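Please walk me through this model in the viewer, one selection at a time. I want to know what to select next and what is found there.

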Amino acid sequence: MDMAGDMLQSEETDVARKAWKLRNTILRFQESFSAIEKCPKPVIAAIHSACIGGGIDLITACDIRLCSQDAWFQVKEVDIGIAADVGTLQRLPKVIGNASLVNELVYTARKMMADEAMSCGLVSRVFQDKEAMLEGAFHLASEIASKSPLAVQGSKLNMIYSRDHSVKEGLDYIATWNMSMLQTEDIVKSAQAALERKSPKDITYSKL
């Protein structure tokens, strides 16, 4: 059952209890999107055609966003009389870094086309069509997968931590993180491959 169903079909008559249950429903929906961000592996969003409402919640929780030329984006919630409540208002300002633009998109529910999404930083690449985009997404995923999983997943964890903390706190966190992670055998393997002029893809890293 969706949030509207929980609210409209609830048998609860007490306003406070009805609100309490609705809040728990919203929190469950929020967690379903936050789970993407919490995934230790990088998540790539490949977007084509319309990305509306909950789609924005989803892609802003991803690490990398790619789209095709026909993609368009819309924070639609104000058009249905609600404030977005499962991630867009919290993550989109940090993804784009332009408060004025985010406010405009949220308050007007206007469409943002692919080229504007690229120019403002919502996506990192725009492809000619869906097929080219998927090929690019799989190639990027393969490239990332060839790296040390400790380095990649450690980088993701620390970037998310630093996003929500001060520079000093982020530096302290990475220092504590690397006091153990710098002892990994992956560094030795990477250095050896560099000396032998091998591609990083030729290195076999242990799985986590």
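The tour goes from the whole chain to the cores, then to one helix, the salt bridges and a few backbone angles.

**Whole chain**

Start with everything selected; this is a predicted model. Shown as a cartoon, the chain has 10 helices and 6 strands. The C-alpha trace spans about 70 × 40 × 30 Å along its principal axes. Colour by accessibility next: 31% of the 208 residues count as buried. The exposed surface of the chain comes to about 12800 Å², and 59% of that is supplied by carbon and sulfur atoms. Among contacts with a separation of 6 or more, 57% are between residues 24 or more positions apart.

**The nonpolar cores**

Select Ile-47, Ile-59, Phe-73, Met-112 and Leu-122, the residues with the most contacts inside the largest nonpolar core, which has 24 residues. At least two residues of this core come from each of β1 (44–47), α3, α4 (88–96), α5 (99–108) and α6 (114–120). Its largest share, 4 residues, is supplied by α5. In general, nonpolar side chains tend to be buried together in soluble globular proteins.

Now keep Leu-122 and show its surroundings. Which residues is Leu-122 in contact with, leaving aside neighbours within four places in sequence? They are Ile-59, Arg-65, Phe-73, Leu-92, Val-95, Met-112 and Ala-117. Another core, of 5 residues, lies apart from the largest one; Leu-66, Met-133, Ala-137 and Leu-140 are among its members.

**Helix α8**

Select residues 149–163, which form helix α8. This helix has 15 residues and reaches 21 Å from its first C-alpha to its last, close to the 21 Å expected at 1.5 Å a residue. Its buried residues are Pro-149, Val-152, Gln-153, Gly-154, Lys-156 and Asn-158. To see what they pack against, add α2 (15–38), α7 (130–145), α9 (167–181) and α10.

**Salt bridges**

Show the charged side chains; the structure holds 14 salt bridges. Side chains of opposite charge can pair when their charged atoms come close.

Stay with Lys-156 in α8 and add Asp-63: the two form a salt bridge, with 2.9 Å between the closest N and O atoms. This pair links distant parts of the chain, 93 residues apart, with Asp-63 in the loop between α3 (54–60) and β3 (64–68) and Lys-156 in α8. Are the two partners buried or exposed? Lys-156 counts as buried because its relative accessibility is 5%, under the 20% cut-off. Asp-63, at 29%, counts as partly exposed.

Move on to Arg-163 and Asp-164. Their side chains meet in a salt bridge at 2.9 Å, N to O. Arg-163 is partly exposed at 35% relative accessibility, and Asp-164 is partly exposed at 38%. Extend the selection to Glu-37, Arg-91 and Lys-94, and a network of salt bridges that links these residues with Arg-163 and Asp-164 comes into view.

**Helix α10 and its ends**

Select residues 185–195, helix α10, where Lys-189 and Glu-185 lie 4 residues apart, about one turn of the helix. These two form a salt bridge, the closest N and O atoms being 3.6 Å apart. Lys-189 is partly exposed, with a relative accessibility of 28%; Glu-185 is also partly exposed, at 42%.

Add Thr-184, which caps the N-terminal end of α10 with a side-chain oxygen 3.1 Å from the backbone nitrogen of Asp-186. Beyond α10, select Arg-197, whose phi is positive, near 60 degrees.

**Positive phi in loops**

Most residues other than glycine have a negative phi. Two further exceptions can be picked out along the backbone.

Ser-49, not a glycine, has a positive phi of about 60 degrees. Look for Ser-49 in the loop between β1 and β2 (50–52); this residue is partly exposed, with a relative accessible area of 32%.

End at Ala-109, in the loop between α5 and β5 (112–113). Its phi is positive too, near 60 degrees. Is Ala-109 buried or exposed? Ala-109 counts as buried, at 3% relative accessibility.

Notes
Residues numbered from 1 in each chain as written. Predicted model: local features only at pLDDT ≥ 70, side-chain atom pairs only at ≥ 80, totals over all residues. Heavy atoms only, no water. Salt bridge = Lys/Arg side-chain N within 4 Å of Asp/Glu carboxyl O. Buried < 20%, exposed > 50% of the residue type's maximum accessible area, 1.4 Å probe, protein only. Polar contact = N/O pair within 3.5 Å; in protein donor to acceptor, adjacent residues only side chain to side chain. Core = buried A, V, L, I, M, F, W, Y, C linked by side-chain atoms within 4.5 Å. Contact = heavy atoms within 4.5 Å. Expected span 1.5 Å × (residues − 1). Areas by Shrake-Rupley, 256 points an atom, 1.4 Å probe, with all protein chains shown as cover.
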